[in-house]
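Trainee: Could we walk through this structure together, a piece at a time? I would like to practise reading it.

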Amino acid sequence: MLIEPGKLLAKINSPEDLKKLDQTQLVQLCDELRHFIIDNVSVYGGHFGASLGVVELTVALHYIFNTPKDQLVWDVGHQAYGHKILTGRKDVFHTNRMYKGMSGFPKRKESEYDAFGVGHSSTSISAALGMAVASKYKGDDQQQHIAIIGDGAMTGGLAFEGMNHAGVSNSNILIILNDNCMSIDPNVGALKDYLTDITTSHTYNKVKDDVWNILGKISKFGPNAREVISKVENSIKSLLLSQSNMFESLNLRYFGPVDGHDVNHLVSVLDDLKDIKGPKILHCITTKGKGYAPAENGNKTTWHAPGKFDKVSGEIRKKVHEAPQPPKYQDVFGHTLVELAEKNDKITGITPAMPSGSSMNIMMEAMPDRAFDVGIAEQHAVTFSAGLATQGLIPFCNIYSTFMQRAFDQVVHDVCIQDLPVNFCLDRAGFAGADGPTHHGAYDIAYMRCIPNMIIASPMNEAELRDLMYTSQLPREGKAFTIRYPRGQGVMPEWRTPMKEIAIGTGRKIKDGEDVAILTIGHIGNYAVEACEQLEKEGLNPAHYDMRFVKPLDEKMLHDIFSKYKKVITVEDGCLMGGFGSAVLEFMAEQAYAAQVKRLGIPDRIVEHGEQIELHAECNFDPQGIVAAVVAMTEGVLTNK
Ligand SMILES: Cc1ncc(C[n+]2csc(CCOP(=O)(O)OP(=O)(O)O)c2C)c(N)n1
């Protein structure tokens, strides 16, 4: 079903076309753009509330700035749908996030208008500053560099590192703070309170409004503008002594707050700011889900990425199943953590801004003083957990595998070198699906495996996840314990199994076999079960082992395997380089076994977005891929039998 754009939007295939509109038409264009997003996302799914919140800002930016020469750097990028639609991707917008379709995030390979690839948060200021410094170096003082960053993303340390540098760079960078008081969940921390404070302070805003009135005239003064502004600013600064502005303190000129939904006002403000050199920040107040009542007035977390919905009733479409379904791994984590914490008062929970995504919200509601959302701050989450562990608490620090990449040094320096028993639960490990390469949890086995004092395990089902979590909260020597599990559902509708200890570094044999042994780690082992069933019908009978631990490996089991089988296949939903299969190969080499080993997993290239199963198939470790690997390895076996 192709969705027709409104009549103004239909004519816009690039920002050039947008600039041909009269400013009086922009309100209508915003309306059409908003409806195009609503119509498409309701049918095809995707991120939602954030893009609706920046419709006016997006139109105003492309109307005023000379993109793609002027560079728009979107932070996180989940709010850039309007930008994509206005920059030549309207006709492929219905393929958003689909296999081989348009990416859900800005991507340099996809368009020259996507100045910087993104998906992880808080990168925009540093990237835009790099671009601004480069143009200065090249002698171009006309090019504009604009970072658009949300109040959630602003909680990330990297954003502060960028501002700290920007403030002394004398570069031509404009930071637009898109403040909607929301991260995915409600934003947290002292910065949020500060932003609310400067947004609502009457004295502050009166003075700022006066500046704006003056600025409206100043821009016509041309070259003298700078001098006049600094005079105005100095007088204002003294007025504001009692309430100094954090951004001004960092040497960024602060403008705003402005209504981010008044497109005409935004146009004139941006037009003025274009002529003001140096680092500056414009504080825009917006509403997530603006213009679509269920999202604007309903649960904003749900409408961050609601899936498909009925746009008339606002009802989110849920698949209806006859039989009870297995839960999502994240929910097993959330409920099990509370169950364990009820019995063990040392347990605490930590999430960097993903309470609903990780289901840490279950503990946050049940035990608010023992579970912490620390903002988009993975590095802090890890070191904060380390601090808790020094005092004998048992932190369960839950971070998506992909976001844990941010905190590698903290894991090494603050946890493992100091022998601290922190538990890491890595959600979304393996292919993340439609979010694509920025979000695939591809590397955690490899980057965790090389750190001493680290235990790494992965459950094949819900019961194993519970057992591993139970095991990880028992007293142990000072080692960190990583449990990785994928996005989505497990396999056990009846999942509230009694919990028991699993001896660290032990796997389990799923089935004996002949000729070939399949060694799997984690949930992907269920594909091997399916593959074995299929192979049995074809007269092949591989053995299957759920190894459960990547580190320490079950060496006893591996000795048995390599003594018995000369053909081994390893399967992992993770990168091949340095991953689980590599660990098995290292064992084989060190123990001087000789076997033919085929490793299945994520190859050494960037794998794009798509459904998880589509990506597993592309990389040949779906059930069919495992079948094919066994058949290829056992060629001749059937005819010889
Ligand atoms: C490093 C990192 N951690 C977590 C996330 C997950 N995440 C995606 S969007 C988002 C909230 C961003 O909030 P904000 O910047 O205010 O944008 P809004 O959605 O409110 O427009 C989070 C936490 C991420 N993308 N990157």
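Mentor: Happy to. Keep in mind that this is a predicted model. Let us begin in the loop between helix 8 (157-166) and strand 3 (173-179), where N170 is placed.

Trainee: What is the phi of N170 near, and is the value positive or negative?

Mentor: Start with the usual case: most residues other than glycine have a negative phi. N170 is a residue other than glycine, yet its phi is positive, near 55°.

Trainee: Which residues does a cis peptide bond join, with omega about 5°?

Mentor: Most peptide bonds are trans, which makes a cis one worth a look. Look in the loop between helix 5 and strand 1, where P68 has its place. The cis bond there, with omega about 5°, joins T67 and P68.

Trainee: And what is omega near for the peptide bond from K551 to P552?

Mentor: P552 sits in the loop between strand 15 (549-551) and helix 24 (555-564). The bond leading to P552 from K551 is cis, and its omega is near -5°.

Trainee: Strand 1 came up a moment ago. Which residues is Q71 in contact with, leaving aside its neighbours within four places in sequence?

Mentor: Q71 lies in strand 1, which covers residues 71-74. Its C-alpha atom is separated by 7.5 Å from that of Y113, although the two are 42 residues apart along the chain. With neighbours within four places in sequence left aside, the contacts of Q71 are A115, M131, Q143, Q144, H145 and I146.

Trainee: Now the ligand. Which residues come nearest to it, of the 23 around it?

Mentor: There are 23 residues around the ligand, so let us pick out the closest of them. Those that come nearest are H78, G152, M182, K288 and E378.

Trainee: Which residue has a polar side-chain atom 2.7 Å from a nitrogen atom of the ligand?

Mentor: Sort the candidates by the ligand atom. K288 has a side-chain N or O atom 2.7 Å away, but from an oxygen atom of the ligand. S121 does lie 2.9 Å from a ligand nitrogen atom, but through a backbone N or O atom. The polar side-chain atom lying 2.7 Å from a nitrogen atom of the ligand belongs to E378.

Trainee: Let us turn to helix packing. Are helix 3 and helix 5 parallel, perpendicular or oblique to each other?

Mentor: The axes of helix 3 (residues 26-44) and helix 5 (residues 55-64) come within 9 Å and cross at roughly 125°. Roughly perpendicular runs from 65 to 115 degrees and roughly antiparallel begins over 145, so this angle falls outside both. The two helices are therefore oblique.

Trainee: How many residues of the contact of helix 3 with helix 5 are charged?

Mentor: Helix 3 passes helix 5 in a right-handed crossing. Helix 3 brings L26, L29, C30, L33, R34 and I37 to the contact, and helix 5 brings V55, E56, V59 and Y63. By class, eight are nonpolar and none is polar, while the charged ones number two.

Trainee: How are helix 24 and helix 25 set to each other, roughly perpendicular or oblique?

Mentor: Their axes come within 11 Å, with helix 25 covering residues 580-590, and cross at roughly 70°. In the contact, E555, L558, H559 and F562 of helix 24 meet V584, F587 and M588 of helix 25. From the crossing angle, the helices are therefore roughly perpendicular.

Trainee: Last one: is the crossing of helix 23 past helix 27 right-handed or left-handed?

Mentor: The axes of helix 23 (residues 525-537) and helix 27 (residues 623-633) come within 8 Å and cross at roughly 55°. These helices are therefore oblique to each other. As for its hand, the crossing is right-handed.

Note on methods:
Residues numbered from 1 in each chain as written. Predicted model: local features only at pLDDT ≥ 70, side-chain atom pairs only at ≥ 80, totals over all residues. Heavy atoms only, no water. Axes fitted to C-alpha atoms, helices over the stretch in contact; angles between N-to-C directions. Helix = DSSP H or I, 4+ residues; strand = E, 2+ residues; numbered from the N terminus. Parallel < 35°, antiparallel > 145°, perpendicular 65-115°, else oblique. Left-handed = near helix turned anticlockwise from the far one by under 90°. Contact = heavy atoms within 4.5 Å. Nonpolar A, V, L, I, M, F, W, Y, C, P; charged D, E, K, R; others polar. Near = heavy atom within 4 Å. Polar contact = N/O pair within 3.5 Å; in protein donor to acceptor, adjacent residues only side chain to side chain.
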